[in-house]
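Thanks, everyone, for making the time this morning. I would like to walk through one model with you, and I will put the sequence and the structure up on the screen before I say anything about them.

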Amino acid sequence: MNLLMPVSTLMSRKFHVVTESDNVKLVKEIFDRKLVAHILVMRHERIVGTITRCDFFNFFSGLTKQFEKTTLTQSLLQIYKVSDVMNTKVTFIESSDPIQVALEMLRDNIFAALPVIDEQEKLVGMVTAIDIVKTLAKEKATELHFSIF
């Protein structure tokens with residue numbers, strides 16, 4: 001893999017979006033139906049937060065521990081808003097940035113995903129550590145050369 005290639009060459013163009021005012025039930029439905037680990041939170045075409053599967057299910061398990069009745073839990077999922085659960089610390093990467101920059105950001109900040117924006121700061125994709133691993137796995141293994149000193 002050429003680490004100088006732009007992030008746009010391996011980013012996913014499929015992502016799920018909710019708004020801050022959506023109820024948490026929508027987030028649960030997305031996580032239940034889709035094989036995704038991150039949902040982006042948007043306000044007026046700008047990313048204002050993220051919700052990870054892990055963060056959501058930690059929140060949800062807290063609700064179910066407090067309230068044993070399924071009906072009550074379902075009601076709470078409709079009462080709580082995305083803004084109650086989302087992480088507002090979002091780091092972006094530009095689609096033209098090299099893959100190496102994405103790797104460093106994922107490593108140094110312990111992120112699992114980075115929203116990808118274009119020059120106009122419009123959301124165009126998402127890059128995850130899994131995207132990079134999948135790309136690496138597709139490449140043919142190269143012969144290793146060892147030098148003896």
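I will go through the nonpolar cores, then the aromatic pairs, and then the sheet with the helix that lies across it.

Please keep in mind throughout that what you see is a predicted model.

Let me begin with the largest nonpolar core, which has 17 residues, and in which the residues with the most contacts are Val 18, Val 27, Phe 31, Val 41, Ile 51, Phe 56 and Val 82. As for where these residues come from, at least two are supplied by each of helix 1, residues 24-33, strand 2, residues 38-43, strand 3, residues 46-52, helix 2, residues 53-66, and helix 4, residues 82-85. The largest share of this core comes from helix 1, which gives 4 residues. There is also a second, separate core, made of 12 residues, and among them are Met 11, Ile 93, Val 116 and Val 127.

To stay with the larger core for a moment, which residues does Phe 31 contact once its neighbours within four places in sequence are left aside? The list runs through Val 36, Ala 37, His 38 and Ile 39, and then continues with Ile 51, Thr 52, Arg 53, Phe 56 and Phe 57.

Two names on that list bring me to the aromatic side chains, since Phe 31, Phe 56 and Phe 57 form one aromatic cluster. Over the whole structure, the search finds 4 aromatic pairs. In one of them, the ring centres of Phe 56 and Phe 57 are 5.1 Å apart and the planes stand at 80 degrees, so this pair is edge-to-face. Are these two rings buried or exposed? Phe 56 has a relative accessibility of 0% and therefore counts as buried, whereas Phe 57, at 27%, counts as partly exposed.

Another pair is formed by Phe 59 and Tyr 80, with ring centres 5.1 Å apart and planes at 85 degrees, so that it too is edge-to-face. Phe 59 sits in helix 2, while Tyr 80 belongs to the loop between helix 3, residues 70-79, and helix 4, so the pair ties together parts that are 21 residues apart in sequence. Tyr 80 itself is partly exposed, with 28% relative accessible area.

Now I would like to turn to the sheet. In it, 3 strands form an open sheet in the order 4-5-6, with mixed pairing, and strand 4 and strand 6 are the edge strands, each of them pairing on one side only. On one side of strand 5, strand 4, residues 93-94, pairs with it in the parallel sense over 2 bridges; here Ile 93 stands opposite Val 116, and Glu 94 has Ile 117 as its bridge partner. Strand 5 is also joined to strand 6, residues 123-128, by 5 bridges, and these two run antiparallel, with Leu 114 and Val 127 as bridge partners. Strand 5 and strand 6 form a hairpin with 5 residues between them, and in the turn Glu 121 has a positive phi of about 65 degrees.

How many residues of strand 5, residues 113-117, are buried? The count is 5 of its 5 residues. Ala 113, Pro 115 and Ile 117 point one way from the strand, while Leu 114 and Val 116 point the other way, and all are buried.

Helix 5 lies across strand 4, strand 5 and strand 6, and it runs at about 140 degrees to strand 5. Within helix 5, residues 99-109, we find Gln 100, which is partly exposed, with a relative accessible area of 27%. The side chains of Gln 100 and Glu 104 are joined by a polar contact of 2.9 Å. Gln 100 and Asn 2 are 98 residues apart along the chain, and yet their C-alpha atoms are separated by 8.7 Å.

My last residue is Ser 95, in the loop between strand 4 and helix 5. With a relative accessibility of 12%, Ser 95 counts as buried, because the cut-off for that class is under 20%. Not counting residues up to four places away in sequence, Ser 95 touches Pro 6, Val 7 and Ser 8, and also Val 116, Ile 117, Asp 118, Glu 119 and Val 124.

That is where I will stop, and I am glad to take comments.

Note on methods:
Residues are numbered from 1 along each chain as its sequence is written. This is a predicted model: local features need pLDDT of at least 70, side-chain atom pairs count only at pLDDT 80 or more; totals for chains, interfaces and linings use all residues. Side-chain values use heavy atoms; hydrogens and water are left out. A nonpolar core is a set of buried Ala, Val, Leu, Ile, Met, Phe, Trp, Tyr and Cys residues joined through side-chain atoms within 4.5 Å. Buried means under 20% relative accessible area, exposed over 50%, partly exposed in between (1.4 Å probe, protein chains only). Contact means heavy atoms within 4.5 Å. Rings of Phe, Tyr and Trp (its six-membered ring) pair if their centres lie within 6.5 Å; planes under 30 degrees apart count as stacked, over 60 as edge-to-face and the rest as tilted. A polar contact is a pair of N or O atoms within 3.5 Å; within protein, one must be able to donate a hydrogen and the other to accept it, and residues adjacent in sequence count only if both atoms are side-chain atoms. Two strands pair if DSSP finds at least two bridges between them. Axes are lines fitted to C-alpha atoms, for helices over the stretch in contact, and angles run from 0 to 180 degrees between N-to-C directions.
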